[in-house]
Amino acid sequence: MRILVTGGLGTVGRGLTEQLRKRGHHVVCCDLYHQPDEVGFSVGTDIKEPIYARCDIGKFQQIERVFERMGPFDYVYNCAAEFGRWNGEDFYETLWQSNVIGMKNIIRLQERLEFRLIHFSSSEVYGDWPELMTETVMDEYEIKQMNDYAMTKWVNEMQIRNSSLQYGTESVVVRLFNTYGAGEYYSPYRSVNCRFLYCALHNLPWTVYRGHSRTSTYIADTTCTLVNIIENFKPGETYNIGGSSLHTIEELSEIVIKVTGADPSLVQYKESEILTTKRKVVDISKSIRDLGHKNKYTLEEGTKLTSEWMRKVYDI
């Protein structure tokens, strides 16, 4: 298959690209930065077969020329997005441009070129839903979105549904639940797993908000499941991809301390964080049934592997 991965330099995009190529697919990826294996649109290309393009999907001309120059594609995995609720608050202009306008740009091309789309939504669309988060919750209840990031992801899902009804486009939506692991470079806007590990390894204090529970999914488990989508593609489906074991943020912090040997006094505790989901209990039965989703790595195993990767990357 010929496949395009947008946001191919991100944590999930990079791992997904590697997995797809291991299975023999021809994969082109695009992202915001220049790379040595990229195509030169006007200046010419020095390497024989470029497999990367610099592209902002929020700019139609940029994503259109990727398809014109490097297509056609059978499938597109749309990983490109501004990620995270606080990132969305601080960079809301870019968030809406990339996530919503960018999604519409891809849909317009899908309507013209008829490729199949796998779009990355988020567990954030469930808001503060207190019960089991099954894929049908969003169809049966009116969920109040808790931040701009969540709003953009729910807008994306509606954009995809409308295009399917009007133009017959074929898409699958995946809602990821706290994927972490090797390849996730630190910034203050990254996952709580990444931030805790980075601080622990650099002897920096970190804050634990009490009263929140999550599942965590190691990156290798997530990407294996994502690759399986094209082998059993069911247009119109939505899948939760998450962990099987619920843990508190306090428990995650304790595992980080155990794995890194950090001083427990580095941890600061505060009460529940405002406008943040308290408890995310996810139903992953459909992704297990259709996509063979497996959680092979426990939280401690995944945290240890991520810690080892960080030690190498940051020369610790």
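1. A contact here means heavy atoms within 4.5 Å. In this predicted model, residues 24 or more positions apart account for 76% of the chain's contacts that have a separation of 6 or more.

2. The chain holds 11 helices and 13 strands. Its radius of gyration is 19 Å, close to the 20 Å that the globule rule gives for 316 residues, so the chain is as compact as a globular protein of that length. The C-alpha trace spans about 55 × 50 × 35 Å along its principal axes.

3. On burial and surface: of the 316 residues in the chain, 53% are buried. The chain exposes about 14800 Å², and carbon and sulfur atoms supply 50% of that area.

4. On charge: the chain carries 36 positive and 42 negative charges. The mean positions of the two sets lie 2 Å apart.

5. Helix α2 covers residues 60-70, and its buried residues are I63, E64, V66, F67 and M70. Viewed down the axis of α2, these buried residues fall within an arc of 165°, so they line one face of the helix. A reader checking the model can find E64, with an acidic side chain by the charge count used here, in that buried set.

6. What covers the buried residues of α2? The cover includes four strands, β1 (2-6), β2 (26-31), β3 (52-54) and β4 (75-78), together with helix α4 (92-113).

How values were computed
Residues numbered from 1 in each chain as written. Predicted model: local features only at pLDDT ≥ 70, side-chain atom pairs only at ≥ 80, totals over all residues. Heavy atoms only, no water. Helix = DSSP H or I, 4+ residues; strand = E, 2+ residues; numbered from the N terminus. Rg over C-alpha atoms; globule rule 2.2 N^0.38 Å. Buried < 20%, exposed > 50% of the residue type's maximum accessible area, 1.4 Å probe, protein only. Areas by Shrake-Rupley, 256 points an atom, 1.4 Å probe, with all protein chains shown as cover. Charge placed at Lys NZ, Arg CZ, Asp CG, Glu CD. Arc of directions from axis to C-beta.
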